[in-house]
Amino acid sequence: AIVGIALGVLVMILAVSVLRGFRQEITHKVVGFGSHIVVSNFEVGNSYEQIPIENTRPILERISLVKGVSNVQCFATKGGMVKTDEQIHGVILKGVSQNFDSSFFKENLLEGRMFSFDDSVVSNEIIISKTLADKLKFDLGDKVRTYFWQDNNYRARAFKIVGIYSTDLTEFDEAFIVGDMRAVQKLNNWDSTQVGGYEVLIDDFDNLPYYASLIYDMLDYDLTLSTVKEENPVLFSWLDLLNTNIILILGVMSVVCMVSIISALLIMIFEKTSMIGLLKTLGATNGSVRKIFIYKSISIIGKGLLIGNAVALALCLLQSKYNIVTLDSESYSMSSVPVDINIWVFVLVSMGTMV
């Protein structure tokens with residue numbers, strides 16, 4: 001019974017920790033490429049060809065003053081293609097401003113450095129993904145010949161690779177190159193006040209609907225917003241299915257724990273029939289006899305909880321530090337199994353099992 005309960009608790013904690021870690025890792029990567037909320041022009045242009053808005057609007061400051069908003073940054077994107085001697089590949093140039101939160105790309109940088117901003121001239125430095133670098137045979141310091149369509153004509157630009165990153169999100173890694181927003185402004189014939197939109201980062205992802213509603217009420221009539229969930233509906237629908245898996249695993253493992261303790265109690269009761277009869281003869285009540293077996297079951301479950309929690313914590317720490325269990329990054333968008341070590345998962349699983 002102790003072993004059965006320990007295994008049940010172990011599986012429940014690992015299942016919840018892994019699925020929570022998986023959800024957080026995917027969400028972190030998707031948000032890292034953009035933001036939690038994007039404010040843009042109400043008139044939707046072609047896919048990645050944006051209609052500009054001004055970065056001098058009062059709304060920009062009003063959003064930044066909202067409690068819980070960690071950063072508001074301007075950006076612009078433009079679709080184009082990269083040409084090498086052997087092949088041509090479509091890309092999206094994402095231009096960012098000087099107040100861009102680059103922590104996500106820095107933590108996923110494999111080689112080189114982040115591009116730098118120069119106050120006087122447009123920077124021609126970019127970072128690209130390892131997927132693109134391998135496919136197009138680029139290395140650090142190489143010149144990237146890019147072509148963009150503008151006003152019924154193409155415009156050529158040469159960028160210098162100063163960093164190579166990898167996020168394991170194939171659909172993003174294969175498409176995006178990141179650089180100075182002023183390069184996109186120049187390609188689109190925009191002035192320095194025109195940007196593609198505002199990216200809003202918040203502190204609490206769980207309250208995303210609240211912040212989206214709050215900011216939407218502040219917008220001017222010609223602006224609209226979209227959340228990261230609305231921009232990636234398929235991905236987040238898939239993540240929502242993980243909650244169903246968690247509930248299913250918790251239900252099955254709870255039944256396993258219940259069967260273990262019920263079986264142990266039945267065997268003990270059958271073995272102690274004569275003892276129960278003796279206690280009843282001496283005047284013991286049904287309640288007092290029942291307490292004996294309840295206390296015994298609490299002892300058995302407590303030992304199982306201690307073992308299960310200890311082994312689960314040890315496995316989570318080992319996986320978190322050494323990444324022992326690896327994954328196919330193309331299929332799972334990450335190279336190892338992620339775990340979210342949360343004390344409340346241990347506490348709630350243990351309490352639920354005891355109840």
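In this tour, two residues are in contact when they have heavy atoms within 4.5 Å of each other. Keep in mind as you click around that this is a predicted model.

**Stop 1: E199**

Select E199, which sits in strand β11, residues 197–202. Now show what surrounds it. Leaving out residues up to four places away in sequence, E199 touches G34, S35, I37, V38, N71, V72, Q73, F75 and K94. Pick K94 out of that group and display both side chains: a polar contact of 2.7 Å runs between the side chain of E199 and that of K94. Is E199 buried or exposed? Its relative accessible area is 3%, so E199 is buried, since anything under 20% counts that way.

**Stop 2: T27 in helix α1**

Next, colour helix α1, residues 2–33, and select T27 inside it. Show the side chain of T27 together with the backbone of R23. A polar atom of the T27 side chain lies 2.8 Å from the backbone oxygen of R23. Then look at partners beyond the local stretch: with neighbours within four places in sequence set aside, T27 is in contact with F205, F236 and L239. T27 has a relative accessibility of 10%, and therefore counts as buried.

**Stop 3: α1 against α11**

Keep α1 coloured and add helix α11, residues 286–322. How do the two helices lie relative to each other, judging by their axes? The axes come within 7 Å and cross at roughly 40°. That angle is why α1 and α11 are described as oblique to each other. The crossing of α1 past α11 is right-handed.

To see the contact itself, select these two sets:

- From α1, take I2, I5, A6, V9, L10, I13, L14 and S17.
- From α11, take I300, I301, K303, G304, L305, I307, G308, N309, V311, A312, L315 and C316.

Try colouring the selection by residue class. The contact of α1 with α11 holds 15 nonpolar residues, four polar ones and one charged one.

**Stop 4: α1 against α9**

Hide α11 for now and bring up helix α9, residues 233–271. The axes of α1 and α9 come within 8 Å and cross at roughly 170°. With that angle, α1 and α9 are therefore roughly antiparallel to each other. Sorted by class, the residues of this contact are 22 nonpolar, seven polar and two charged.

While you're here, click on V252 in α9. Put a distance label between its C-alpha and that of G8: they are 8.9 Å apart in space, although V252 and G8 are 244 residues apart in sequence. V252 has 42% relative accessibility, so it counts as partly exposed.

**Stop 5: α10 against α11**

Switch α11 back on and add helix α10, residues 273–281. These two pack at an angle of about 145°, with axes 10 Å apart. As α10 passes α11, the crossing is right-handed. Select M275, I276, L279 and K280 on α10, plus N286, V289, I292 and F293 on α11, and you have the residues that make the contact. By class, there are six nonpolar residues, one polar and one charged in the contact of α10 with α11.

**Stop 6: T167 and its surroundings**

Now move to the loop between β8 (153–165) and α5 (170–173), and select T167. Which residues does T167 contact once neighbours within four places in sequence are left aside? They are K29, F33, F104, N108, D173 and S333. Show the side chains of T167 and D173, which are joined by a polar contact of 2.8 Å. For another distance label, use I26: its C-alpha is 9.7 Å from that of T167, with the two positions 141 residues apart in sequence numbering. At a relative accessibility of 1%, T167 counts as buried.

**Stop 7: two positive phi values**

S333, one of the contacts of T167, deserves its own click. S333 lies in the loop between α12 (329–332) and α13 (343–354). Its phi is near 65°, a positive value in a residue other than glycine. S333 is buried, with a relative accessible area of 11%.

For the last selection, go to N189, in the loop between α6 (181–187) and β10 (194–195). Phi of N189 is near 60°, again positive in a residue other than glycine. The relative accessible area of N189 is 48%, which means it is partly exposed.

Conventions: Residues numbered from 1 in each chain as written. Predicted model: local features only at pLDDT ≥ 70, side-chain atom pairs only at ≥ 80, totals over all residues. Heavy atoms only, no water. Helix = DSSP H or I, 4+ residues; strand = E, 2+ residues; numbered from the N terminus. Buried < 20%, exposed > 50% of the residue type's maximum accessible area, 1.4 Å probe, protein only. Polar contact = N/O pair within 3.5 Å; in protein donor to acceptor, adjacent residues only side chain to side chain. Axes fitted to C-alpha atoms, helices over the stretch in contact; angles between N-to-C directions. Parallel < 35°, antiparallel > 145°, perpendicular 65-115°, else oblique. Left-handed = near helix turned anticlockwise from the far one by under 90°. Nonpolar A, V, L, I, M, F, W, Y, C, P; charged D, E, K, R; others polar.
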